[in-house]
Amino acid sequence: AVVSTQSTGEEQCNGENNGATRPVRSPLPPSHNYRDYIVPVQVDIHTSTTVPSNGKESNPAADFELRELDKPILGCPARCPIRVIKKFVQTKLNVGETIELDILCNDEILGKDHTLEFVKMTRWRTKELPLLLTYRVRPDI
């Protein structure tokens, strides 16, 4: 059995190795700062929220009006993909899979497999955090 002692940062082996101690290994390097891996994200409605209608009568998105999220600022891991943000927004708006949403950064649609770390480095290079993402109803083409 291994018992961890918090005050010294060592493990004691009970009954094994005659009470020898060994240092506890952290899964993170000593210079690791956990806050470096959390990206603050603000999620807002895209400014042009009108959905162009192509004349089809069965377009549920044409009558749908977007609303703001109750808590628009999120703390997300840097490796969080955009599809998770999209799913979160769909859940908070109670639209499920019926209405397709686009997630944008600087008026560019983001791919579902892009991570926040990638978006921050490629689309939000010189700007201050929080990273501003917007959402809109995907227009029918």
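User: In this predicted model, over which residues does pLDDT stay under 50 with 8 contacts beyond four places in sequence?

Analyst: The model is predicted, and where pLDDT is low, the predicted coordinates should not be read in detail. Another stretch with pLDDT below 50 covers residues 1–15, but there the model has 30 contacts beyond near neighbours in sequence. The stretch with 8 contacts beyond four places in sequence, over which pLDDT stays under 50, is residues 49–58.

User: What is the average pLDDT of the protein chain?

Analyst: A pLDDT of at least 70 is reached by 61% of the residues. Taken over the protein chain, the average pLDDT is 74.

User: Which strands stand at the edges of the open sheet, and why is one side of each left without a neighbour there?

Analyst: Of the secondary structure, which comes to 2 helices and 8 strands, 5 strands form an open sheet with mixed pairing, in the order β5-β4-β8-β6-β7. Each edge strand has a single partner strand, so one of its sides has no neighbour in the sheet. The edge strands are β5 (73–77) and β7 (108–109).

User: Which residue of β7 is the bridge partner of Leu104?

Analyst: Strand β6 spans residues 101–105 and runs antiparallel to β7, with 2 bridges joining the two. In β7, the bridge partner of Leu104 is Ile109.

User: At about what angle does helix α1 run to β6?

Analyst: Helix α1, formed by residues 82–92, lies across β4 (38–45), β5, β6 and β8 (131–137). Relative to β6, helix α1 runs at about 125°.

Conventions
Residues numbered from 1 in each chain as written. Predicted model: local features only at pLDDT ≥ 70, side-chain atom pairs only at ≥ 80, totals over all residues. Heavy atoms only, no water. pLDDT = per-residue confidence, 0-100. Contact = heavy atoms within 4.5 Å. Helix = DSSP H or I, 4+ residues; strand = E, 2+ residues; numbered from the N terminus. Pairing = 2+ DSSP bridges. Axes fitted to C-alpha atoms, helices over the stretch in contact; angles between N-to-C directions.
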